[in-house]
Each structure stands twice: as C-alpha cells, then as structure tokens.
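The exercises below are meant to be worked with the sequence and the model open side by side. Try each task before reading the solution that follows.

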Amino acid sequence: TQDLVSLVCEVLDHQHLTVQDDMMKLEEQIITLERDNALLSKSQEEVLSESEEIVAKLRKELDSKDEKLQVVAKLRTELDSKEDKLQQNVRAEKDFREVLIQQLGSKKVEIWQLEAKKVENYRLPELVNLLGTLL
C-alpha cells in the first residue's frame, strides 16, 4: 500500500506540476492577449483619431467649396444683372441714335428750307431792282 500511495503521490505531484505548468502558460497567454488587446485598442484609437481628423479636414474643405460656390453664384447673379443693364443701355443708345438721326434729318430739311428762303429773299430784292430799272 505504501508503494501505491507513493505512486499516487507521484502521479498527483506530476499532475500538480502539469497543472502549474499549464497555469503558467495560460497566464503568459493572458498577458500576451492583454498586451495585444492594448495594442489593438491603441491602434483603434489612433485609427479613430485619424478618421476624425480626416472627416474634419473634409468638412472644412466642403465648407470652403460651399462658400466658393456661394460667391460664384453671387458673382454670376451680379454679372447677369450687369449684362441686362448693358443690353438695356445698348438698346437705349440705339434708340437715342435713331432719334438723333431723325432729328438730324428734320434739321437738314429745315436747313434746306431756310436756304431756299434765303435764295428767295435774295432774288426778291434783285427782281425788284431789276423791275425798278426796267421801269
């Protein structure tokens, strides 16, 4: 029985050592897993931080482009308005020129009429003198 007890004790000691060895291996695995988890967490935090920075940068660019689009739209509106005014001015100038041309034409007619009257007025005294001399 002593041998049997010794054998059982040896088996139990061996199992105890095996369990202790397994526990040490498990503890090492736990430590490795915790370290890996910490690295992954840090990596995830870095990725999240970088992603947030990228999103912030893209939003800023989008806001800037939106502001530029608003400026372009405003400038386009102003340009359209000025183009309309310019076309109105061109039409008004064209109309004004037509009026001036008509007025010039009527003034020419008046000048011709005055010239004709001058000629008539100059001839009338000459005719009177001529008649006076004939009589």
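A residue counts as exposed when its relative accessible area is over 50%, as buried when that area is under 20%, and as partly exposed in between. The model used throughout is a predicted one.

**Exercise 1. Describe the overall form of the chain from its secondary structure, its radius of gyration and the box that its C-alpha atoms fill.**

Step 1. The secondary structure amounts to one helix and zero strands, and this helix, H1, covers residues 2-134.

Step 2. The radius of gyration of the chain is 57 Å, whereas a compact globule of 135 residues would have a value near 14 Å.

Step 3. Along the principal axes, the C-alpha atoms fill a box of roughly 195 × 15 × 10 Å.

Step 4. Two pairs of positions illustrate distances along the chain: Asn 37 and Val 55, 18 residues apart in sequence, are 26 Å apart from C-alpha to C-alpha, while Leu 130 and Gln 87, with their positions 43 residues apart in the count along the chain, have C-alpha atoms separated by 63 Å.

**Exercise 2. Decide how Glu 53, Leu 7, Asn 37 and Leu 130 should be classed by accessibility.**

Step 1. Glu 53, which is placed in helix H1, has a relative accessible area of 53%, and because this is over 50% the residue is exposed.

Step 2. Leu 7 also has its place in helix H1, but its relative accessible area is 48%, so Leu 7 is partly exposed.

Step 3. Asn 37 lies in helix H1 and, with a relative accessible area of 47%, is partly exposed; Leu 130, likewise placed in helix H1, counts as partly exposed at 48% relative accessibility.

Step 4. For the chain as a whole, buried residues make up 0% of the 135 residues, and the accessible surface comes to about 13200 Å², with 61% of it belonging to carbon and sulfur atoms.

**Exercise 3. Find which residues form the nonpolar patch and which gather in the patch of negative charge.**

Step 1. The nonpolar patch on the surface is formed by Leu 4, Leu 7, Val 8, Val 11 and Leu 12, whose accessible area together is about 440 Å².

Step 2. The patch of negative charge on the surface is made of Glu 45, Glu 46, Glu 50, Glu 52 and Glu 53.

Step 3. To set the second patch in context, count the charges of the chain, which has 20 positive and 29 negative side chains, the centres of the two sets lying 26 Å apart.

**Exercise 4. Work out how the salt bridges Arg 76 to Asp 80, Glu 93 to Arg 97 and Glu 110 to Lys 107 are placed along the helix.**

Step 1. Side chains of opposite charge can pair when their charged atoms come close. The cut-off needed here is a side-chain nitrogen of Lys or Arg within 4 Å of a carboxyl oxygen of Asp or Glu, and by this rule there are four salt bridges, among them the three treated below.

Step 2. Arg 76 and Asp 80 form a salt bridge whose closest N and O atoms are 3.4 Å apart. The two residues both lie in helix H1, four residues apart, which is about one turn of the helix. Arg 76 is partly exposed at a relative accessible area of 47%, and Asp 80 is partly exposed at 29%.

Step 3. The side chains of Glu 93 and Arg 97 meet in a salt bridge with an N to O distance of 2.8 Å. Because Glu 93 and Arg 97 are four residues apart in helix H1, about one helical turn separates them. Glu 93 has a relative accessible area of 42% and is therefore partly exposed.

Step 4. Glu 110 and Lys 107 meet in a salt bridge at 3.9 Å, N to O, and these residues, both in helix H1, are three residues apart, again about one turn of the helix. Glu 110 counts as partly exposed at 39% relative accessibility, and Lys 107 is partly exposed with a relative accessible area of 46%.

How values were computed: Residues numbered from 1 in each chain as written. Predicted model: local features only at pLDDT ≥ 70, side-chain atom pairs only at ≥ 80, totals over all residues. Heavy atoms only, no water. Rg over C-alpha atoms; globule rule 2.2 N^0.38 Å. Buried < 20%, exposed > 50% of the residue type's maximum accessible area, 1.4 Å probe, protein only. Areas by Shrake-Rupley, 256 points an atom, 1.4 Å probe, with all protein chains shown as cover. Lys, Arg positive; Asp, Glu negative; His and termini not counted. Charge placed at Lys NZ, Arg CZ, Asp CG, Glu CD. Patch = residues over 30% accessible without salt bridge, like charges linked within 9 Å, V, L, I, M, F, W, Y side chains within 5 Å.
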